[in-house]
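User: Please take a close look at one loop in this model, and then set that loop in the context of the chains around it. A connected account would suit me better than a list.

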Amino acid sequence: MSGYAVSVRDLTVRYGRTTAVDRVSFDLEADGIYGLLGRNGSGKTSTLSVLASLRRATAGTVLVDGADPFENEALMAGIALIRESGDVLANAKISVNFDYFRRVRPAWDPDFAEELVDVFGLNRKKPISTFSRGQKSAFGAVIGLASRAPLTMFDEVYLGMDAPSRYRFYDLLLADYAEHPRTIILSSHLISEIERLFSGVVVIDEGRLLLSEDVDEFRTRGATFTGPVAAVDAVTAGLRVVASRSLGPTKEVTVYGDLDETTLAGARSADIAIGGVSVQDLFVHLTEKESR
Amino acid sequence: MFDGREPIYIQIADQIRGDILAGNLAEGEQVMSTTQYATTFRINPATAAKAFAQLVDEGVLYKQRGVGMFVAEGAPARLRSDRRETFLAERLEPVLAEARVLGIGSADLIRWIERAGDDPEQTTTEDTTTEGEQR
Amino acid sequence: MTTDAPQWVRVTLRMTRSALMSLAWFWAICLIAATVVTIVLAWRLGEPPFSIMSTVRYGGIWYPFSVGLILVTATINVHVAAGQTRRSFVIGSLLSGALAGLLSGVIMTVLLPLEAEVYLAQGWPHLTTSAAAIPEPWGTSLLLHCAIFVTGSVSGVLVGLTYYRWSAWATLALPLTVLAPVIASGMDGRSLTIAAIWAASAVTAVAAYVLARTIPIRKPLEMS
């Protein structure tokens, strides 16, 4: 089974008078690992909830594999949203949960699920409600991975895990994704650990879409120019500056946007060092700027 | 690793070329699979696949169906000659242009080069490593 | 795997299985308790003052009610987050509760005359408390007792959904959502009342279905 494509058009989600998501549009091709990035309260969870059919959009449309997923029996079976709080049979043991998910998830892999329990070292004898926060998160990850849903979404599940478990999760996700390609969305505001996993990123801030791009494109749009203050100012004039800091006579400016060869050549000839910007830094700069 | 401004797949391809040039990967030797590469370096498998596809296109690697990917015969030599060309065109040319502007004559330059290049063995290896690291 | 059957059928079967399990417990406990109470009362008072089995009917309303309520509030998020529809959830909850209720109604309809036989053999009067009645023709008795056991479960599902949807505000809707079982607890055995219980239960079931179809699945309440 391969992944589902996702298409979001003018999605708006309101809770009473609060607008959580405001006319957001983006497309995700089938089969890819996407980052849905945004600060806390930016509308990530609401967006994912609509994709997972956990709630209806206030306005706008969401298409998964070309159809509206809401209450769509065939589609919903292939869409999984793993939330940190965990939607599992909390008072039951792992085996009872696995029995349940095996019956409702068409692509469920029982052997893989057991293997994952061993990898994360989870207790098979106790009910899930007795697990620590990290273990609950890990169990959510197990359910999400073993379901092999054509659209699998993890909403910050890994935040509850300790570092070794998180890296185990990334490795398992990558290895399983390579063998069973599908559409995976990871939402987070802590990106540095996972930014290279992405094939594309969607950034939202305060309910609005900031950008939705191929990750390589996103990264090449960001650059730092470091050099003498006057020279750096001259080169970056007219560019979209998202951050800058001065160290005496030296200045480092982070820009975002299409950089043409002339600009780059100009910078090089003016003895300005051009550097890359991590997705994490770009994200932080962009969302800082927007919220001002 | 892979912190440059270029797309990651280009950085990966460069790294593999560097490994072949440095002799870490020999002719005919099997390279990691896309999946192994992706999981080892925690990068998107599609990104790794793109890098490998580029190297296959260039004839640096070749694919053997169902077995894996291998370093092509003659790849190190070809890469070395490519690198030499780019070194001369992209690195040395600007230096010479600058020298011309500053009025440094060919004789001066040659004297410098001869003094620095007392040990040709060491210079060549140093060249490749610094180049690799800068990427 | 029975993936061929529609989801609501699969879910209903699954839920009915657990409803029957809980029903078995209910009847086992009730029968033992009723027997013990009858013997104790007969020993202390000479004769039981009223039909013990007829008082079990109140449990028949409020036990399925709490089962329905807990079922909804504890599992709707798991059901939908596991990729199943609200539709299959609400149909499964209502139908499994109704099927178990009908079975209990039959059991009660059979047990009451049996109890009367025992009382008669002992020379005890077979009475009921207050206005409650044991309707005479067995058909009427069956209709009443099925209504009693079905209505609590259906209302429990609606109350559960209302609380899941609006939390504390749902208390305002309580008089409406529990209307059917409140009517049922009169148990006066008149045809009009029996018809009213069935009608109120049907309206309750429709309300539960409509409410469930668009209900937002929030984050689970317990956040550790």
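Analyst:
**A loop residue of chain A and its surroundings**

R148(A) is placed in the loop between α5 and β6 (151-155) of chain A, where helices (H or I, at least four residues) and strands (E, at least two) are DSSP runs numbered from the N terminus. The model is predicted, so local features need a pLDDT of at least 70 and side-chain atom pairs count only at pLDDT 80 or more, whereas totals for chains, interfaces and linings use all residues. Residues are numbered from 1 along each chain as its sequence is written, and chains are lettered from A and ligands numbered from 1 in the order in which they are written.

Although R148(A) is not a glycine, its phi is positive, at about 50 degrees. Most residues other than glycine have a negative phi. R148(A) is also buried, with 21 other C-beta atoms within 10 Å; a residue counts as buried if 20 or more other C-beta atoms, placed from the backbone, lie within 10 Å of its own, as exposed if there are 12 or fewer, and as partly exposed in between. E206(A), in the loop between β8 (200-205) and β9 (208-214) of chain A, likewise has a positive phi of about 50 degrees without being a glycine, but E206(A) is partly exposed, with 17 other C-beta atoms within 10 Å.

Both loops belong to chain A, for which an unreviewed UniProt entry lists residues 6-231 as "domain: ABC transporter"; such annotations may be inferred rather than shown by experiment, and their positions are given in the numbering used here, with feature names shortened. That span is 34% helix and 31% strand, and its end C-alpha atoms lie 44 Å apart.

The helix α5 that leads into the loop of R148(A) also takes part in an interface. In all, 23 residues of chain A are in contact with 20 residues of chain C, contact meaning that the C-beta atoms of two residues, placed from the backbone, lie within 7 Å. On the side of chain A that touches chain C, the elements giving two or more residues are α2 (73-76), β5 (79-83), α3 (94-104) and α5 (133-147), and β5(A) gives the most, with four. By class, this side has twelve nonpolar, two polar and nine charged residues, with Ala, Val, Leu, Ile, Met, Phe, Trp, Tyr, Cys and Pro counted as nonpolar, Asp, Glu, Lys and Arg as charged, and the others, Gly among them, as polar.

Of the two pairs of chains in contact, A and C share the most contacts. Chain B meets chain A through 14 residues, which are in contact with 19 residues of chain A, and on that side of chain B the elements giving two or more residues are α2 (34-41) and α3 (45-57). Chains B and C do not touch, their nearest C-alpha atoms being 27 Å apart.

The partner of chain A in the first interface, chain C, holds seven helices and zero strands. Its radius of gyration, taken over C-alpha atoms, is 19 Å, close to the 17 Å that the globule rule gives for 224 residues, so chain C is as compact as a globular protein of that length; the rule is 2.2 Å times the number of residues to the power 0.38. Of those 224 residues, 42% count as buried. The unreviewed UniProt entry lists several spans of chain C as "transmembrane region", including residues 20-41 and 61-82. Residues 20-41 are 100% helix, with end C-alpha atoms 31 Å apart.
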